[in-house]
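Welcome! Please take a moment to look through the sequence and turn the 3D view around before reading on.

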Amino acid sequence: IWAATWEILKDQPVLGVGEVQFRQALKAKSQAGLIGAVPAGLANTHTTFLEVWVWYGGLALLSLFLAILSAARYFLSFIRHSDSVLRSYALGGLCFIGGYVIYGQTPIMLIRNTTLLFFLLSLDVLLALVQQRSRVLLFAGKMGDYRHESGIVDEGAQIGSGSCVWHFVHVCAGAKIGSGVSLGQNVFVGNKVLIGDNCKIQ
């Protein structure tokens, strides 16, 4: 079936031939004795990427690869993070994507409604877990400093490492803010105010 699909694909590698023409071409090859009745009667090509290519074209296959690589690259960016929970989520995402790519070489994994829905929902959950953990670490001051462009920190103010200054915050000169502090939207910190470590002010 793979060899027959490849021969059919050679006519339209960019745009594909579509499902109907693919079925007709398989039937014609079977009637001509080029392939057996079993491959011609199969429900699909038994490989996700070849089926996407022959049905929808090379552009669709390229788009699928780019989407998979984009998600994998996102998870990969956290794989060496110091936080073990975040690393676990990232590794889970990479393994999940890798599993679908590997298993997609024989059955159809990313076209059928059930497996595609499971893949998208699971991927969404894993992405949400990574983002949520990243925000937790950001608030805890473990992912570096953050200062929103609308926030104002006067010269002479001291802000510890890993602290976050959010939208429209104003920190006056002489204020001393510890490490891992989160100053929420519209917070005003006056002159000579002292704030300890790991505080959250809304």
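This report walks through the sheets, the core, the salt bridges, the cysteines and a few single residues of this predicted model.

## Two parallel sheets

Let's begin with the strands. Strands of a sheet pair through backbone hydrogen bonds, and the pairing can be parallel or antiparallel. Here, one open sheet is built from four strands with parallel pairing, and their order is β1-β4-β7-β10. At its edges sit β1 (146-147) and β10 (200-201), each of which has a pairing partner on one side only. If you look at where β1 meets β4 (residues 164-165), you will find two bridges in the parallel sense. One residue to look for is R147, whose bridge partner in β4 is V165.

A second open sheet has three strands, in the order β3-β6-β9, and its pairing is parallel. Its edge strands are β3 (158-159) and β9 (194-195), and each of them pairs on one side only. Between β3 and β6 (residues 176-177) there are two bridges, again in the parallel sense. To find this place in the view, look for Q158, which stands opposite K176 in β6.

## A core supplied by helices

Now turn to the helices. The largest nonpolar core has 19 residues, and the members that touch the most others are F75, F96, I97 and L123. Four helices each supply at least two residues of this core: α4 (48-56), α5 (58-76), α6 (84-103) and α7 (113-139). Which of them gives the largest share of the core? That is α5, with six residues.

I97 is a good residue to zoom in on. Leaving out its neighbours within four places in sequence, I97 is in contact with I68, A71, A72, F75 and L123. Two names in that list, F75 and L123, also appear beside I97 among the core members that touch the most others.

## Two salt bridges

How many salt bridges does the count give? The count comes to two. One of them joins K10 and E7, with the closest N and O atoms 3.3 Å apart. E7 is partly exposed, at a relative accessible area of 40%.

The other joins R133 and D83, and here the closest N and O atoms are 2.9 Å apart. R133 belongs to helix α7 while D83 is in the loop between α5 and α6, so this pair ties together parts that lie 50 residues apart in sequence. Are the two partners buried or exposed? R133 is partly exposed, with a relative accessible area of 23%, whereas D83 counts as buried at 12%.

## Cysteines without a bond

A disulfide is a covalent bond between the sulfur atoms of two cysteines. Searching the whole structure turns up zero disulfides. Why is C164 not in one? The closest cysteine sulfur to that of C164 belongs to C199 and is 13 Å away, which is too far for a bond, because a disulfide needs the two sulfur atoms within 2.5 Å.

The surroundings of these two cysteines are worth a look too. C164 counts as buried, at 1% relative accessibility, while C199 counts as partly exposed, at 28%.

## Two buried residues

S182 lies in strand β7 (residues 182-183). This residue is buried, with a relative accessible area of 2%. The side chain of S182 makes a polar contact of 3.3 Å with the side chain of W166.

Next, find T5 in helix α1 (residues 2-9). T5 is buried as well, and its relative accessible area is 0%. Which residues does T5 touch, not counting those up to four places away in sequence? They are F22, T45, L50 and V54.

## Positive phi in two loops

Finally, look at two backbone angles. F168 has a phi near 60 degrees, a positive value in a residue other than glycine. You can find F168 in the loop between β4 and β5 (170-171), and F168 counts as exposed at 51% relative accessibility.

N198 also has a positive phi without being glycine, with a value near 55 degrees. Its place is in the loop between β9 and β10, and N198 counts as exposed at 58% relative accessibility.

Definitions and conventions: Residues numbered from 1 in each chain as written. Predicted model: local features only at pLDDT ≥ 70, side-chain atom pairs only at ≥ 80, totals over all residues. Heavy atoms only, no water. Pairing = 2+ DSSP bridges. Core = buried A, V, L, I, M, F, W, Y, C linked by side-chain atoms within 4.5 Å. Buried < 20%, exposed > 50% of the residue type's maximum accessible area, 1.4 Å probe, protein only. Contact = heavy atoms within 4.5 Å. Salt bridge = Lys/Arg side-chain N within 4 Å of Asp/Glu carboxyl O. Polar contact = N/O pair within 3.5 Å; in protein donor to acceptor, adjacent residues only side chain to side chain.
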